[in-house]
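The following exercises introduce a structure to a reader who has not met it before. Please attempt each task before reading its solution.

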Amino acid sequence: MARTPEPVTWNGPVRICAHADVGAVRQLLGLVVHRASSVMNPVAAETAQLVIAEVLNNIVEHAYAGRGGPVVLRMRHSAGVMVVSISDCGRELPLQVLTRGDGPDPRLAEGGFGWPIIHHFARRLSYRRVGRWNRLRFCLPLRLPAG
């Protein structure tokens, strides 16, 4: 007889360290959805997965150019938002991606659709280079309307 899974609960801030590659991105996203679904409504949890997937895939493809390297994902919720911080030691983020645009940036590889998605959903987006670390931080609402 199969056991009924225990309800997921949020047990404070999350800090996950991984090696940035395609397999790790899948695993990190599974953990994000697992944790986020306990404090976010379904639409917000799906949005969090989309935004974090875009950021992590950019790290794998562009910051590390497929070589891989360390990535640290931190999440905590407070005052109606999920605060997300993602750090890596890859190439420095081109600052033009932080300027909000209405559509894809033709200067970026592969059409540049990811950053407009990130800008659309993320709030208080900030980036710093600290030593050899890139640190991207943003907030996502815990509740989003359906549709």
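A residue is called buried when its relative accessible area is under 20%, and exposed when that area is over 50%. The model examined here is predicted.

**Exercise 1.** Determine whether Ser85 is buried or exposed, and describe its surroundings.

*Solution.* Begin with the location: Ser85 belongs to strand β3, which spans residues 81-88. Next, take its relative accessible area, which is 16%. Because this value is under the 20% cut-off, Ser85 is buried. Finally, list its contacts beyond the neighbours within four places in sequence: Val72, Leu73, Arg74, Leu136 and Arg137.

**Exercise 2.** Describe the order of the elements along the chain.

*Solution.* First, count the elements: the chain holds three helices and five strands. Then read from the N terminus, which gives β-α-α-β-β-α-β-β.

**Exercise 3.** Which residues touch the most other members of the largest nonpolar core, and which element gives the largest share?

*Solution.* The core has 39 residues, of which Met40, Ile86 and Phe138 touch the most other members. Two or more residues come from each of β1, α1, α2, β2, β3, α3 and β5. The largest share, eleven residues, is supplied by α2. As an illustration, the contacts of Ile86 beyond four places in sequence include Ile52, Val55, Leu73 and Phe138.

**Exercise 4.** Identify the buried residues of helix α3 and elements that cover them.

*Solution.* Within α3 (residues 114-121), the buried residues are Gly114, Trp115, Pro116, Ile118 and His119. Their cover includes α2, β4 and β5.

Note on methods. Residues are numbered from 1 along each chain as its sequence is written. This is a predicted model: local features need pLDDT of at least 70, side-chain atom pairs count only at pLDDT 80 or more; totals for chains, interfaces and linings use all residues. Side-chain values use heavy atoms; hydrogens and water are left out. Helices (H or I, at least four residues) and strands (E, at least two) are DSSP runs, numbered from the N terminus. Buried means under 20% relative accessible area, exposed over 50%, partly exposed in between (1.4 Å probe, protein chains only). Contact means heavy atoms within 4.5 Å. A nonpolar core is a set of buried Ala, Val, Leu, Ile, Met, Phe, Trp, Tyr and Cys residues joined through side-chain atoms within 4.5 Å.
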